[in-house]
Amino acid sequence: MNWPILAVLLLVPLAGGLVLVGLPGTRPRMIRGILIAVTALTFGLTCVLLVAYLAVPPSSASRLTGTANGQSLSQVHSPVTFQFQEQVAWLHTSSSLSQFHPAFNEGNNAFNQSGPPPINFSFHLGVDGLSVWLIALAGLLFLVAAVMLSRKEARLKPFAVLMLLSEVGVLGVLTSLDLVLFYFFWEAALVPLYFLMIGWGDEQRGRAALKFIIYTVAGSLFMLLAIIGVYFVTGAQTGVYTFDVPTLIAAQSFVATTHQTTFSLFGHSFPALNPQDWLFLAFALAFAIKVPLFPFHSWLPDAYTSGRTPFLVFFAGIVSKLGAFGFIRYNLTLFPQASHFFQPLMMGLGVASILYGALAALAQTDVKRTVAYASISHLGFVVLGIFTLNVEGLNGSIIQMVNHGIVIAALFICVGVFEARFATRSLRELGGMAKAMPVMAGMFLVVALAGLGMPLLNSFVGEFLILLGAFQVSPAWAVVAALGVILACWYMLRMYQGLTQGPLLAPGGGEPDSVVAQAVRRIGRIDLGPVEIVVLAPLVALMIFIGVYPGPIIHYSRFSAAQYVQAADRGTGVGAAGRAVSTVPGQETAR
Amino acid sequence: MNATLIFVLAAIILGLPTAGFLVNALTAGRLPKRVVAWMGPGVVLGAFVATLVTFVAMLERPASDRGITVVLWHWLNTSVGSAGGVTAQSGFNANFSVRIDPLSVLMMLVITGIGGIIHVYSVGYVADDPSFNRFFAYMNLFITSMLVLVMSNSLVFLIIGWSMVAFASYALIAFWYERKSAVQAGRKAFITQVIGDVGLYLGAFLIFLNLRGPNGQLLHTVDLQTIFANVGPGNHFHGGLGPVGGGLVTAIGILLFIGAAAKSAQWPLHTWLPDAMEGPTPVSALIHAATMVTAGVYLVARFHPIYQQAPVAAGVVACVGIGTAFMAGVIGCTQYDIKRVIAYSTMSQIGLMIFAVGVGAYSAGMFQFFTHACFKALLFLAAGNVIHSLHDDQDIRVMGGLSRRMKWTFVCFTVGALALSGIPIFAGFFSKEELLSNGLALGPAVPWLWVIGVSVNVLTSFYIFRVVWIAFRGEPRSENAQHAHEAPPIMLIPVAVLAGLATVVGFLNIDFAGFAPITVFSSFLQPVLGVPRATPSDLVGGLALLVGVILSVGGVGIVWAVYGRGVISRELIPQRLPWLYQLSFNKFYWDEIYALAFYRPVVAGARFVRRAVEPEVIDGAVAGVRDAVATLADDFRTFQTGFLKDYALVFFFFALVGLVVLGLKLT
């Protein structure tokens with residue numbers, strides 16, 4: 001790629017947002033047109049990126065030296081390799097470096113320096129087999145949301161601008177390869193999301209937005225401290241003072257195996273946490289809130305219930321993935337030993353999320369809240385898969401992130417259709433709608449089946465791999481997590497059948513036919529309209545395609561997954577040796 | 001029979017019903033009924049023809065060389081080669097590969113053949129239903145799912161087919177979705193199936209993670225032929241799944257059987273099947289008699305190399321099977337819903353098959369599956385004629401006198417009843433007697449399981465002829481029964497065809513040269529299933545056969561004495577043994593037990609989470625933090641003077657402290 005595609009990817013929605021700011025708010029048709037055009041262009045760019053990424057054979061060596069910088073320290077030692085890297089110096093304090101020299105960012109110059117370390121950070125972007133899929137998902141979901149957005153939406157212009165700004169933030173989080181830049185985008189995504197949450201939605205939105213912002217800012221603060229901590233701790237241990245992510249990842253290889261120290265209390269000895277454990281926990285807290293993991297999920301049901309459907313499409317679809325992405329990109333690679341140390345805790349939280357979310361979803365009467373808790377349950381699978389720290393689990397998590405984005409967006413669209421038609425979300429008031437809206441019922445059926453992990457639909461692939469991965473680590477956890485699959489079947493059927501099957505019910509207890517007639521009078525139709533079909537059909541098609549033929553996604557993520565597993569195995573004494581292709585019986589018994 | 005031909009045939013067999021489903025689903029009911037009425041059965045019969053071609057191509061091969069595997073597509077592969085600093089690792093590699101061998105071809109013949117007949121029948125049965133197209137969409141999807149299940153050579157696609165069948169059956173049970181009971185029955189069936197799926201997942205994980213090759217290396221494979229080749233005897237010192245009867249292989253056997261029990265409605269996962277009778281009757285014939293519920297039998301027979309290594313697991317299978325057979329037989333004697341009687345009969349007969357495959361009489365179990373598919377589909381469809389003509393009334397107490405008004409249906413139903421009871425010359429006789437005499441030679445705790453099994457005979461002939469007598473004989477007991485009329489030809493001809501099959505297919509397993517242990521049917525399956533480890537001697541086998549037939553005829557005799565002649569009071573059992581009657585009438589109270597043990601606790605737990613944990617604990621903790629912060633904020637409010645210079649001063653102070661600390665730390 002001869003042009004900086006990642007920078008362009010960030011600039012397009014940003015420029016689109018700026019253009020929209022300049023437009024008068026009285027031209028809704030034009031605003032919506034520009035919004036769709038900009039998100040479509042962004043989605044097109046993410047597709048170009050994906051195709052360009054797929055064009056490089058996943059295991060070819062060019063992946064290592066493919067950057068313009070050629071051989072550099074980060075690429076020799078980093079167990080995780082990145083494609084399409086772009087780097088511009090941003091701020092540096094060390095005068096010994098020639099300004100804007102391409103080799104500036106290599107990190108070499110940070111070695112063996114006496115005196116205060118230079119504070120370098122750079123505008124460093126890149127993708128790997130993990131982020132490239134999430135970037136494509138983000139592009140798709142923002143486009144879907146833009147198409148969903150009605151031009152009759154109240155205060156359309158600020159909504160559109162904020163939406164594009166949050167897209168910049170999300171794409172920035174996914175592409176940045178510098179901790180400071182990452183933190184910048186992480187916070188930059190938060191602000192427009194907060195305003196979107198507080199400005200549009202039902203009457204509970206103020207409370208929901210406040211809860212969300214307090215939660216995430218609290219998490220972010222710990223992460224900011226931890227980012228600074230990583231800088232100093234890694235520097236003190238290896239001499240590499242940098243915020244550059246590949247360099248930092250590489251530097252962890254030089255961190256000696258830290259023996260777990262203990263302290264004694266009341267005559268018992270307990271493991272004491274070393275600095276890396278604390279840093280792991282700080283990062284993990286921020287990501288756990290974003291995912292969210294039980295018990296940090298309290299902001300989610302409120303936020304998901306009060307939001308507008310187009311907002312939820314990208315908020316639930318992609319923003320929650322950023323937490324899971326962060327776990328893989330930062331926790332596994334920067335704190336390998338801590339990742340293994342905290343593996344039982346994180347897997348436990350994943351399983352707890354699965355069961356807790358499923359149980360809570362089972363009891364809801366508000367269908368949007370059901371979807372919200374279902375999302376917690378599904379993301380519990382993702383976190384469980386990540387902290388299996390093996391190839392099956394991690395591959396499963398990567399594909400499950402994409403799956404969850406597609407499924408949850410489609411679920412919110414389906415539930416939003418009912419809300420728009422009947423002005424209620426209560427399972428008590430709705431029922432039997434398959435008779436009045438057969439197309440809706442058919443699409444919703446596929447979506448609900450995907451949500452409960454039906455084979456030949458996408459979620460099955462991820463859940464199966466994650467359970468397989470978890471089973472290798474701990475059969476007991478896998479069995480408990482598998483209970484979540486049974487509960488998922490229960491709550492999804494409860495919601496799907498409650499809305500579409502049984503005798504036709506009408507909100508408010510009126511005559512069913514008259515309520516259907518009222519809905520027809522109000523919005524001109526009862527079954528899906530063209531816009532709704534246009535946004536749902538591709539999502540449904542993707543669910544089926546990924547379920548029937550998940551090969552491509554796995555094919556182009558497995559190499560990165562293996563790299564992340566290896567990165568997390570450094571200094572822990574465990575490794576891929578047990579799974580290596582050519583093995584002799586003696587080695588195998590180690591597993 | 002080369003690989004290309006098999007690839008094409010497999011693609012046609014799987015593709016035709018899939019195409020039927022897709023066309024119906026994508027046109028969303030807009031296709032004219034006339035087109036669907038041809039297309040729905042047409043695709044299944046087309047698949048049947050392709051299966052026949054496969055069958056003939058297979059017969060041309062020598063018996064030892066009738067298995068072939070073709071890969072339809074690569075599903076996913078997580079293995080990586082060593083490049084870019086990554087160590088090569090073998091990962092999870094799953095293809096959709098298809099296995100064509102005598103066992104799968106037998107299943108395919110039944111699925112597409114009997115399934116095709118049922119499709120033709122359905123054209124008449126649901127002719128007036130507004131959701132005609134949806135019905136055939138789901139029926140075709142069911143055929144596809146079932147074919148995936150039996151054709152798959154990959155553990156993963158076996159599971160995929162397994163779950164697809166569960167969904168298709170859910171969709172067909174809840175077909176009349178405006179009826180609340182149908183919706184509930186569908187949900188119950190689906191959730192029970194998912195419980196079974198999870199058992200299958202875990203069994204598959206254990207196989208994938210632990211199977212070792214001859215040199216002791218881990219194989220990490222989901223390919224069924226590779227698995228079976230490596231589990232076999234002689235390989236369990238270094239390889240396989242550990243020693244015979246070891247914990248690992250026993251666990252796998254039991255986990256797989258959880259899946260089989262859910263699908264085959266065996267205790268303790270049996271309660272969904274009677275409720276599933278909410279679906280249209282052709283659905284019951286297709287799913288709950290001929291195909292889906294026998295998947296568990298197929299699974300155990302297919303995985304027999306594992307069960308041969310796990311005698312304890314196989315013993316569990318046999319005991320659960322015989323226990324379910326007896327329990328369902330007892331329940332069937334007191335039910336009044338014609339379909340539920342047949343459903344319990346199905347459960348009971350499948351219990352016998354499960355018993356057979358549990359004790360190692362695999363081909364006897366499969367033969368019972370084969371004959372059962374014919375006569376049980378016949379019974380359901382004939383019952384469907386009755387129900388259709390009585391405007392969806394299923395209670396035998398309101399029937400009566402139908403033998404005169406529906407002569408052909410009566411004849412066919414009686415043939416089915418004779419076949420089911422195991423009366424000589426009808427199909428059930430051959431299969432059931434072979435099964436029981438094999439069980440006598442092979443079973444654990446011989447001969448007690450055989451005694452239970454043979455006593456099921458008397459129950460079977462009692463409950464089915466009880467239906468014959470109450471529903472078809474005597475005087476009409478309702479308005480509807482008086483005006484009953486014979487079914488139209490499109491519903492009668494399939495029933496007649498099945499009646500013919502139920503009469504003759506039993507002879508397939510006769511070796512006319514004498515009672516040799518290997519017969520036409522068994523020798524066809526022998527390359528896959530092998531020969532039974534033991535067969536009873538001629539004397540014992542002959543005696544067992546005699547006892548079985550006497551008991552079967554005895555059951556019919558009791559019905560005649562009770563309902564025909566009235567020499568025994570109908571109130572005998574209810575009055576003398578009321579507990580037994582209540583136990584049977586209330587289906588051993590399993591629904592109530594499960595409601596108490598699982599359903600209510602989970603729902604209560606979920607409500608507790610919603611009402612107590614979420615608002616009080618989770619939000620409560622958040623509120624606590626919020627209040628603490630608010631208190632702190634009040635304390636710090638005095639610092640907020642509102643003057644910029646104050647803030648700047650504080651900022652510089654802390655920045656200075658920070659820099660000093662930084663400098664100290666680094667120097």
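Let me start with Pro268 of chain B, which sits in the loop between helix H8 (247-263) and helix H9 (272-275) of that chain. What is the geometry of the peptide bond that joins Trp267(B) and Pro268(B)? It is a cis bond, with omega at about 5°. Before I go on, I should say that everything I describe today comes from a predicted model, with an ipTM of 0.86 and a pTM of 0.88.

There is a cis bond in chain A as well, from Val291(A) to Pro292(A), and there omega is near -5°. Pro292(A), too, belongs to a loop, the one between helix H10 (275-290) and helix H11 (299-306) of chain A. As background for these bonds and for the next two residues, most peptide bonds are trans, and most residues other than glycine have a negative phi.

That brings me to Arg155(A), which is not a glycine and yet has a positive phi, near 45°. Arg155(A) is placed in the loop between helix H5 (131-148) and helix H6 (156-175) of chain A. Is Arg155(A) buried or exposed? It counts as exposed, because it has 11 C-beta neighbours inside 10 Å, and the cut-off for that class is 12 or fewer.

In chain B, Lys587(B) also has a positive phi, of about 55°, without being a glycine. Lys587(B) is in the loop between helix H25 (578-585) and helix H26 (590-636) of chain B. With 21 other C-beta atoms within 10 Å, however, Lys587(B) is buried.

Let me now step back to the chains as wholes, beginning with chain B. This chain has 667 residues, of which 55% are buried, and its secondary structure consists of 27 helices and two strands. Its C-alpha atoms fill a box of roughly 110 × 65 × 55 Å when the box is taken along the principal axes. If we look at contacts in chain B with a separation of 6 or more, 79% of them are between residues 24 or more positions apart. As for confidence, the mean pLDDT of chain B is 83, and 91% of its residues reach 70 or more. Where pLDDT is low, the predicted coordinates should not be read in detail.

Chain A has 591 residues, and 60% of them are buried. Its secondary structure comprises 24 helices and four strands. Of the contacts in chain A with a separation of 6 or more, residues 24 or more positions apart account for 80%.

Two parts of chain A deserve a closer look, and I will take helix H14(A) before the other. This helix covers residues 343-363, which makes 21 residues, and it reaches 30 Å from its first C-alpha to its last, close to the 30 Å expected at 1.5 Å a residue. How many of the residues of H14(A) are buried? The count is 15 of 21, and the helix is therefore mostly covered.

The other part is a pair of helices, H17 (residues 438-451) and H19 (residues 475-500), both in chain A, which pack at an angle of about 170° with their axes 9 Å apart. At that angle, H17(A) and H19(A) are roughly antiparallel to each other, since the cut-off for that description is an angle over 145 degrees. On the side of H17(A), the residues that take part are Ala441(A), Phe444(A), Leu445(A), Ala448(A) and Gly451(A), and they meet Met492(A), Met495(A), Tyr496(A) and Thr500(A) in H19(A). Sorted by class, this contact holds seven nonpolar residues, two polar ones and no charged ones.

I will finish in chain B, with two residues and their surroundings. Ser345(B) is in helix H14 (residues 338-359) of chain B, and it counts as buried because it has 26 C-beta neighbours inside 10 Å. Which residues does Ser345(B) touch, not counting those up to four places away in sequence? They are Gly332(B), Leu420(B), Thr460(B), Tyr463(B) and Ile464(B). Leu381(B), by contrast, is 36 residues from Ser345(B) in sequence and 15 Å from it in space, C-alpha to C-alpha.

Ile425(B) is found in the loop between helix H17 (407-421) and helix H18 (427-442) of chain B. With 12 C-beta neighbours inside 10 Å, Ile425(B) counts as exposed. Ile425(B) and Val504(B) are 79 residues apart in sequence, while in space their C-alpha atoms are 7.8 Å apart.

Definitions and conventions: Residues numbered from 1 in each chain as written. Chains lettered and ligands numbered in written order. Predicted model: local features only at pLDDT ≥ 70, side-chain atom pairs only at ≥ 80, totals over all residues. Expected span 1.5 Å × (residues − 1). Buried ≥ 20, exposed ≤ 12 C-beta atoms within 10 Å, placed from the backbone. pLDDT = per-residue confidence, 0-100. Contact = placed C-beta atoms within 7 Å. Axes fitted to C-alpha atoms, helices over the stretch in contact; angles between N-to-C directions. Parallel < 35°, antiparallel > 145°, perpendicular 65-115°, else oblique. Nonpolar A, V, L, I, M, F, W, Y, C, P; charged D, E, K, R; others polar.
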